[in-house]
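Work through the exercises below with the structure at hand. Each task is followed by a worked solution.

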Amino acid sequence: MAEDKNTFYTTTPIYYVTARPHVGSLYSTVIADALARWHRMLGQKTFFLTGTDEHGQKIAEAAAALNESPKEFVDEVSKAYKDIWHLYDLDYTDFIRTTDERHKKAVYYWIQKAQEKGDIYKGFYEGWYCVPDEHFIADKDASDDAEPPLCPLCGRKTIHASEESYFFRLSAYQDRLLKFYKENPHFITPKERLNEVISFVESGLHDLSISRKSVSWGIPFPGDPKHVVYVWVDALTNYISAIGYGDPNKSKEFKQWWPADVHVMAKEIVRFHAIYWPAFLMAADLPMPKKLLVHGWIMVDGQKMSKSLGNVVDPLALAQKYGIEPVKYYMLRQLPITHDANFSYADLEHAINADLAGGVGNLLNRLIALAEKNNMHELHAPAQWSSEASALYESSIQLIKDYTDYLENCSFHLALGKLWQFVHQANAYFHAQEPWKVAKVDAAKFEEILSATAHALRTMAVLLWPVMPQKMEALLQSIGVKCIPGVGSMGGVALDEWTANMQLTKIPALFEKVEKEEKKSEEVSVKKEEPENSVNIETVASVELVVGTIIAVDQIEKSEKLLKMQVDFGDRGQRTILAGVKKWYVPEDLIGKQATFVFNLAPRKMAGEVSQGMMLMGEDADGKPHPVSPAQPVPNGTRLR
Ligand code: MSP
């Protein structure tokens, strides 16, 4: 992205100050932060913009309800956003507020350009308007016959607006927009969202009312201060006002950053970004942004997390309980970017215990503790690696390639899924090599095992830096690696060369396991009646049962029992899984079948192959095992609960 300039510019939506930051707004900001850091890691100059959307009728109403002036109100909430972003170490380059003077100037400059083009005219608006979404409802959108119709975006009642208004000639851009989408099929990720936009535009665009007369809290319309500028014209312009649009002293800066590489947002505001925004830019003869990254909603019990539903999870409480970086990791690993996903404390705690403390943290602990016990403070890479260490090296090279490819498409959950396959492999390597035994008999071999493990940890830490910078800096420090994001590819660390001599330093445990909450009294009272072998709900929740489709099956010559399957887990990637079914099945019997797998079983080596999970099966009366499938097909990657 923007390789020609070697720059990367990413943005979040600017958040309405009617709500305080919650886990939903945190999610978009975490994505943009990690993207910016990743591009910095690749050696690019980056700009990461976030901010607050502070005008509009509902903000004036919220301030009045608190007996505050609108300015007092927006100052306070805007600061609350900044505070939470700082707490979460979200390293934004600039924080734009639509009440900033610099922003107002840029909005005026855009209006002037559009007026010069003849794209703005005065008219009369008569129709429906959704105040919470600041959105005019076209007749074709008001699908129900209710009076007033419900807003198609949020489902709430609209109001009737009837007033003089300035209009933007959006209809004139219909063909140019359609041509742009056709020529840029990757403009929106995921692509299904682009198809929705295309059919909306094809069904016909009306001119857009871009001023409101009955609203007082906003940017006065230039030359006609009885009107204020429509909030979406005001808000979208933030992406260019922050980098100096319309300011003659900042034209170099503006050229350096525009067009944006990735605008991050959730699906409900795609239309504004995919239709209005490109048309506004065309009117001002500015280039189009390169990508809209549209993520799903974070849900709670099947409903979107939002202030109006009163089901928000507070980022401050999460940070206090779990620490900021485990929360960021959970969001990027477990919430597939393209789908809605439930926020689950059980999954978060499982991610911390199994992946972080049990995966990366444990490997580092074991390495450092064993080295210390054997008085080894510096690890020298051997001149020649054993075949087992070479296999780990080869996987690390493949990982770097796959991880980079996934992040090129902003797919954090897939990239991290791949990375954790490597974490499992490195743990399995360490365990299988039994360095605690080798230490007593072969010092050189012992050092090789530790060195290979340290090199594997170095790869993990550099790739994970954009997601958990503080923890990964600590990890790198404990294995004596200097990594400086922004300086050359991979922070100047030659990950493809396993030749480093590494100085080891003991550090406090990277990740703490989450202790299970004390049992609630009613749970304790039923305990007496529990059968002896009962397990608690946390134990059940800790086993990830995931549905996948078997897409390929191979024979393993060495084994009489095993077949080797390639299983597709949708957004969670593909895995190799072995099953002892050779006696009963030929490959064709299994290919195309959906089955249930234990997804977080530690990888096991059998007949020279590594199995990354286990297929669940039930035996019939003859002892023939049958894969357990859902009663109806479900999307691959679905977790069973
Ligand atoms: N002010 C407009 C955006 C203008 S951008 C030029 C706005 N503000 S908002 O406060 O409602 O923020 C919406 C955005 O916050 C979503 O698009 C998404 O990025 C984030 N999220 C808010 N709730 C969310 C979830 N429950 N789940 C995921 N993201 C959520 O719209």
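The exercises cover the ligand site, three salt bridges, a buried aspartate and a surface patch in this predicted model.

**Exercise 1. Describe the surroundings of the ligand and its polar contacts with the backbone atoms of Gly24, Ala266 and Ile298.**

Step 1. Of the 25 residues around the ligand, Ile14, Ser28, Asp53, Glu268 and Ile298 come nearest.

Step 2. Sorted by class, the shell holds 14 nonpolar, eight polar and three charged residues.

Step 3. At least two shell residues come from each of strand 2 (15-16), helix 1 (23-41), helix 7 (231-236), helix 8 (238-241) and strand 13 (262-266).

Step 4. A ligand nitrogen is 2.7 Å from a backbone N or O atom of Ile298, and a ligand nitrogen is 3.4 Å from a backbone N or O atom of Gly24. A polar backbone atom of Ala266 is 3.0 Å from a ligand oxygen.

Step 5. The ligand taken alone exposes 670 Å², of which the protein buries 93%.

**Exercise 2. Locate the salt bridge between Arg97 and Glu54 and state whether its partners are buried or exposed.**

Step 1. The closest N and O atoms of Arg97 and Glu54 are 2.6 Å apart.

Step 2. Arg97 sits in strand 4 (residues 94-97), while Glu54 is in the loop between strand 3 (45-53) and helix 2 (57-65); the two are 43 residues apart.

Step 3. Arg97 and Glu54 are both buried.

**Exercise 3. Do likewise for Glu164 with Lys213 and for Glu609 with Lys564.**

Step 1. Glu164 and Lys213 meet at 3.5 Å, N to O. Glu164 belongs to strand 7 (residues 159-168) and Lys213 to the loop between strand 10 (211-212) and strand 11 (220-221), 49 residues apart.

Step 2. Glu164, at 24% relative accessible area, is partly exposed, and so is Lys213 at 34%.

Step 3. In the pair of Glu609 and Lys564, the closest N and O atoms are 3.3 Å apart. Glu609 is in strand 25 (residues 609-611) and Lys564 in strand 21 (residues 563-568), so the bridge ties together parts 45 residues apart in sequence.

Step 4. Glu609 is partly exposed at 24%, as is Lys564 at 22%.

Step 5. Shared partners join Lys122, Glu164, Lys213, Asp224 and Lys226 into one salt-bridge network.

**Exercise 4. Classify Asp355 and Ile537 as buried or exposed, and give the setting of each.**

Step 1. Asp355 lies in helix 13 (residues 345-373). Asp355 is buried because its relative accessible area, 9%, is under 20%.

Step 2. The side chains of Asp355 and Tyr329 make a polar contact of 2.6 Å.

Step 3. Ile537 lies in helix 20 (residues 537-542). Ile537 is exposed because its 58% is over 50%.

Step 4. With Val535 and Val540, Ile537 forms a nonpolar surface patch of about 290 Å² accessible area together.

Technical notes
Residues are numbered from 1 along each chain as its sequence is written. This is a predicted model: local features need pLDDT of at least 70, side-chain atom pairs count only at pLDDT 80 or more; totals for chains, interfaces and linings use all residues. Side-chain values use heavy atoms; hydrogens and water are left out. Patches are made of residues with over 30% relative accessible area and no salt bridge: like charges are joined within 9 Å, nonpolar side chains (Val, Leu, Ile, Met, Phe, Trp, Tyr) within 5 Å. Accessible areas come from the Shrake-Rupley method with a 1.4 Å probe; for residues, only the protein chains shown count as cover. A salt bridge is a side-chain nitrogen of Lys or Arg within 4 Å of a carboxyl oxygen of Asp or Glu. Helices (H or I, at least four residues) and strands (E, at least two) are DSSP runs, numbered from the N terminus. Buried means under 20% relative accessible area, exposed over 50%, partly exposed in between (1.4 Å probe, protein chains only). A residue is near a molecule or strand if one of its heavy atoms lies within 4 Å of it. A polar contact is a pair of N or O atoms within 3.5 Å; within protein, one must be able to donate a hydrogen and the other to accept it, and residues adjacent in sequence count only if both atoms are side-chain atoms. Ala, Val, Leu, Ile, Met, Phe, Trp, Tyr, Cys and Pro count as nonpolar, Asp, Glu, Lys and Arg as charged, and the others, Gly among them, as polar.
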